[in-house]
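Trainee: I have a structure open and would like to go through it with you. Where do we start?
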Amino acid sequence: MRKTIVYVDGFNLYYALKKHNAKWLDIGALCARLLTENDVVAIKYFTARVKSRVGDLDIHVRQNIYLEALRTNPKIEVIFGHFLTSNVWMVQTSDEGKPINEIKKIQVIKTEEKGSDVNIATHLLIDGFQNKYDTAAVITNDSDLKLPIEKVKIELKKTIGVICPHEKPSKELLRSASFFKTIKPSTYLDCQLPDKIITNGRHIHRPEAWKT
(Lines give C-alpha, C1' and ligand atoms only; values in the text may rest on other atoms or scores of the structure.)
Protein backbone atom coordinates (compact mmCIF):
# COMPACT_ATOMS: atom_id res chain seq x y z
CA MET A 1 0.00 0.00 0.00
CA ARG A 2 1.24 3.46 -0.91
CA LYS A 3 2.11 5.90 1.88
CA THR A 4 -0.48 8.66 1.59
CA ILE A 5 -1.12 12.09 3.11
CA VAL A 6 -4.56 13.68 2.75
CA TYR A 7 -4.91 17.48 2.58
CA VAL A 8 -8.38 18.76 3.49
CA ASP A 9 -9.66 22.15 2.36
CA GLY A 10 -11.85 22.61 5.44
CA PHE A 11 -14.17 25.36 4.25
CA ASN A 12 -14.62 23.93 0.78
CA LEU A 13 -15.64 20.67 2.43
CA TYR A 14 -17.80 22.46 5.04
CA TYR A 15 -20.21 23.89 2.47
CA ALA A 16 -20.86 20.42 1.09
CA LEU A 17 -21.44 19.07 4.60
CA LYS A 18 -23.78 21.95 5.39
CA LYS A 19 -25.84 21.19 2.31
CA HIS A 20 -26.26 17.54 3.32
CA ASN A 21 -26.64 18.12 7.09
CA ALA A 22 -23.49 16.12 7.78
CA LYS A 23 -21.19 18.59 9.59
CA TRP A 24 -20.15 16.07 12.30
CA LEU A 25 -17.96 14.30 9.75
CA ASP A 26 -15.43 11.65 10.73
CA ILE A 27 -12.69 12.63 8.30
CA GLY A 28 -10.58 9.60 9.21
CA ALA A 29 -13.47 7.28 8.34
CA LEU A 30 -14.09 9.22 5.12
CA CYS A 31 -10.46 8.80 4.02
CA ALA A 32 -10.54 5.09 4.86
CA ARG A 33 -13.72 4.70 2.81
CA LEU A 34 -12.36 6.53 -0.24
CA LEU A 35 -8.73 5.38 -0.21
CA THR A 36 -9.02 1.65 0.42
CA GLU A 37 -5.73 0.81 -1.31
CA ASN A 38 -3.70 3.51 0.42
CA ASP A 39 -1.87 3.64 3.73
CA VAL A 40 -3.08 7.01 5.07
CA VAL A 41 -0.30 8.10 7.44
CA ALA A 42 -1.49 11.68 8.04
CA ILE A 43 -4.48 13.94 7.44
CA LYS A 44 -3.89 17.70 7.35
CA TYR A 45 -7.05 19.74 7.93
CA PHE A 46 -6.81 23.39 6.83
CA THR A 47 -9.28 25.90 8.25
CA ALA A 48 -9.54 29.27 10.01
CA ARG A 49 -11.06 30.18 13.34
CA VAL A 50 -14.52 31.69 12.95
CA LYS A 51 -15.95 34.38 15.23
CA SER A 52 -19.44 34.87 16.59
CA ARG A 53 -21.59 36.99 14.31
CA VAL A 54 -25.04 38.49 14.09
CA GLY A 55 -27.54 35.66 13.73
CA ASP A 56 -25.13 32.98 14.94
CA LEU A 57 -23.41 33.85 18.21
CA ASP A 58 -22.30 30.27 18.91
CA ILE A 59 -20.68 29.40 15.59
CA HIS A 60 -17.18 29.54 17.11
CA VAL A 61 -18.26 27.24 19.97
CA ARG A 62 -19.46 24.58 17.53
CA GLN A 63 -16.26 24.86 15.51
CA ASN A 64 -14.10 24.42 18.62
CA ILE A 65 -16.06 21.33 19.62
CA TYR A 66 -15.61 19.85 16.15
CA LEU A 67 -11.88 20.58 16.05
CA GLU A 68 -11.50 18.96 19.46
CA ALA A 69 -13.34 15.90 18.16
CA LEU A 70 -11.07 15.74 15.09
CA ARG A 71 -7.95 15.91 17.24
CA THR A 72 -8.92 12.69 19.00
CA ASN A 73 -7.62 11.03 15.83
CA PRO A 74 -3.80 11.08 16.15
CA LYS A 75 -3.39 11.19 12.38
CA ILE A 76 -5.19 14.52 12.06
CA GLU A 77 -3.32 17.83 12.26
CA VAL A 78 -5.28 21.11 12.18
CA ILE A 79 -3.56 23.99 10.38
CA PHE A 80 -5.02 27.50 10.59
CA GLY A 81 -5.33 30.33 8.12
CA HIS A 82 -7.31 33.40 9.13
CA PHE A 83 -10.50 35.37 8.48
CA LEU A 84 -10.69 38.97 7.31
CA THR A 85 -13.84 40.89 8.19
CA SER A 86 -14.70 44.24 6.63
CA ASN A 87 -17.66 46.55 6.05
CA VAL A 88 -18.33 47.08 2.34
CA TRP A 89 -20.97 48.86 0.28
CA MET A 90 -22.82 46.63 -2.17
CA VAL A 91 -25.72 46.90 -4.63
CA GLN A 92 -28.97 45.14 -3.75
CA THR A 93 -30.10 42.47 -6.20
CA SER A 94 -33.42 44.29 -6.54
CA ASP A 95 -31.54 47.27 -8.04
CA GLU A 96 -29.74 45.23 -10.69
CA GLY A 97 -30.23 46.78 -14.13
CA LYS A 98 -31.40 50.16 -12.85
CA PRO A 99 -29.77 53.40 -14.00
CA ILE A 100 -26.80 54.28 -11.82
CA ASN A 101 -28.54 57.35 -10.36
CA GLU A 102 -31.35 55.10 -9.04
CA ILE A 103 -29.14 52.47 -7.43
CA LYS A 104 -29.00 52.48 -3.65
CA LYS A 105 -26.12 50.68 -1.99
CA ILE A 106 -26.24 49.07 1.43
CA GLN A 107 -23.39 48.40 3.83
CA VAL A 108 -22.80 44.73 4.63
CA ILE A 109 -20.35 42.71 6.71
CA LYS A 110 -18.07 40.71 4.42
CA THR A 111 -15.95 37.83 5.72
CA GLU A 112 -13.22 36.16 3.70
CA GLU A 113 -11.18 33.12 4.62
CA LYS A 114 -7.53 33.72 3.80
CA GLY A 115 -4.45 31.55 3.77
CA SER A 116 -5.77 28.01 3.48
CA ASP A 117 -5.07 27.58 -0.22
CA VAL A 118 -1.52 28.90 0.25
CA ASN A 119 -1.06 26.68 3.31
CA ILE A 120 -2.29 23.61 1.42
CA ALA A 121 0.02 24.34 -1.53
CA THR A 122 3.00 24.90 0.78
CA HIS A 123 2.51 21.72 2.79
CA LEU A 124 1.75 19.70 -0.33
CA LEU A 125 4.99 20.73 -2.03
CA ILE A 126 7.28 20.62 1.02
CA ASP A 127 5.98 17.19 2.07
CA GLY A 128 6.53 16.00 -1.49
CA PHE A 129 10.09 17.33 -1.64
CA GLN A 130 10.81 15.61 1.68
CA ASN A 131 9.31 12.33 0.40
CA LYS A 132 6.80 12.16 3.23
CA TYR A 133 4.28 10.55 0.88
CA ASP A 134 4.12 8.37 -2.21
CA THR A 135 0.58 9.54 -2.93
CA ALA A 136 -1.17 12.76 -1.97
CA ALA A 137 -4.91 13.31 -1.97
CA VAL A 138 -6.50 16.76 -1.76
CA ILE A 139 -10.12 17.14 -0.66
CA THR A 140 -11.20 20.31 -2.43
CA ASN A 141 -12.96 21.78 -5.42
CA ASP A 142 -10.88 24.97 -5.46
CA SER A 143 -9.29 25.47 -8.88
CA ASP A 144 -6.71 27.82 -7.30
CA LEU A 145 -4.88 24.63 -6.26
CA LYS A 146 -4.45 23.53 -9.88
CA LEU A 147 -0.80 24.67 -10.16
CA PRO A 148 0.62 23.00 -7.00
CA ILE A 149 -1.24 19.81 -7.89
CA GLU A 150 0.32 19.84 -11.36
CA LYS A 151 3.77 20.50 -9.88
CA VAL A 152 3.48 17.48 -7.59
CA LYS A 153 2.49 15.28 -10.52
CA ILE A 154 4.87 16.62 -13.18
CA GLU A 155 7.92 17.91 -11.29
CA LEU A 156 7.94 15.58 -8.28
CA LYS A 157 6.53 12.68 -10.33
CA LYS A 158 4.23 11.61 -7.53
CA THR A 159 0.68 10.36 -7.69
CA ILE A 160 -1.79 13.02 -6.59
CA GLY A 161 -5.54 12.72 -6.48
CA VAL A 162 -8.35 15.20 -6.02
CA ILE A 163 -11.39 14.22 -3.98
CA CYS A 164 -14.22 16.61 -4.81
CA PRO A 165 -16.70 17.39 -2.01
CA HIS A 166 -19.27 18.84 -4.41
CA GLU A 167 -21.55 17.48 -7.10
CA LYS A 168 -20.11 19.70 -9.86
CA PRO A 169 -16.32 19.18 -9.96
CA SER A 170 -13.84 21.74 -11.23
CA LYS A 171 -12.84 20.82 -14.77
CA GLU A 172 -9.38 22.30 -14.18
CA LEU A 173 -8.73 20.04 -11.21
CA LEU A 174 -10.18 17.08 -13.09
CA ARG A 175 -7.55 17.55 -15.80
CA SER A 176 -4.68 18.19 -13.36
CA ALA A 177 -4.91 15.22 -11.00
CA SER A 178 -3.54 11.68 -11.37
CA PHE A 179 -6.92 10.40 -10.18
CA PHE A 180 -10.23 12.00 -9.30
CA LYS A 181 -13.09 11.01 -7.02
CA THR A 182 -16.39 12.68 -6.12
CA ILE A 183 -17.91 12.17 -2.68
CA LYS A 184 -21.51 10.94 -2.67
CA PRO A 185 -23.92 12.52 -0.16
CA SER A 186 -24.63 9.07 1.31
CA THR A 187 -20.90 8.68 2.09
CA TYR A 188 -20.97 11.80 4.26
CA LEU A 189 -23.89 10.40 6.22
CA ASP A 190 -22.22 7.01 6.61
CA CYS A 191 -19.01 8.61 7.96
CA GLN A 192 -20.26 10.54 10.97
CA LEU A 193 -18.52 10.70 14.34
CA PRO A 194 -20.28 9.16 17.35
CA ASP A 195 -22.68 11.56 19.09
CA LYS A 196 -20.46 11.29 22.18
CA ILE A 197 -16.67 10.87 22.15
CA ILE A 198 -14.82 10.08 25.37
CA THR A 199 -11.15 11.07 25.46
CA ASN A 200 -8.85 11.56 28.47
CA GLY A 201 -11.86 11.58 30.75
CA ARG A 202 -13.58 14.34 28.76
CA HIS A 203 -16.86 13.90 26.92
CA ILE A 204 -17.21 15.63 23.54
CA HIS A 205 -20.79 15.87 22.30
CA ARG A 206 -22.13 16.57 18.85
CA PRO A 207 -23.58 20.11 18.91
CA GLU A 208 -27.37 20.12 19.21
CA ALA A 209 -27.66 22.29 16.10
CA TRP A 210 -25.90 19.55 14.10
CA LYS A 211 -28.22 16.74 15.11
CA THR A 212 -30.78 15.54 12.59
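Mentor: With a definition: a residue is called buried when its relative accessible area is under 20%. Keep in mind that this is a predicted model.

Trainee: OK. Is Cys31 buried or exposed?
Mentor: Cys31 has a relative accessible area of 3%, so it is buried. Cys191 counts as buried too, because its relative accessibility is 3%.

Trainee: How many disulfides are there?
Mentor: Zero. Cys31 is in no disulfide.

Trainee: Why is the sulfur of Cys191 not bonded to the one in Cys31?
Mentor: The closest cysteine sulfur to that of Cys191 is in Cys31, 9.1 Å away, which is too far for a bond. A disulfide needs the two sulfur atoms within 2.5 Å.

Trainee: New topic, the sheet. What is the strand order?
Mentor: S3-S2-S1-S6-S7-S8, an open sheet of six strands with parallel pairing. Strands S3 (76–80) and S8 (179–182) each have a single partner strand, so they stand at the edges with one side lacking a neighbour in the sheet.

Trainee: How much are neighbouring strands turned against each other?
Mentor: By 20° on average, direction ignored.

Trainee: And how many bridges join S2 and S3?
Mentor: Five, in the parallel sense; S2 covers residues 38–47. Phe46 stands opposite Ile79 in S3.

Trainee: Which strands does helix H1 touch?
Mentor: H1, residues 10–19, packs on the sheet and touches S1 (2–9), S2 and S6 (135–139). Its direction makes about 70° with that of S1.

Trainee: What about H2, where does that lie?
Mentor: Helix H2 (residues 27–34) lies across S1, S2, S3, S6, S7 (159–164) and S8. H2 runs at about 135° to S2.

Conventions
Residues numbered from 1 in each chain as written. Predicted model: local features only at pLDDT ≥ 70, side-chain atom pairs only at ≥ 80, totals over all residues. Heavy atoms only, no water. Buried < 20%, exposed > 50% of the residue type's maximum accessible area, 1.4 Å probe, protein only. Pairing = 2+ DSSP bridges. Helix = DSSP H or I, 4+ residues; strand = E, 2+ residues; numbered from the N terminus. Axes fitted to C-alpha atoms, helices over the stretch in contact; angles between N-to-C directions. Contact = heavy atoms within 4.5 Å.
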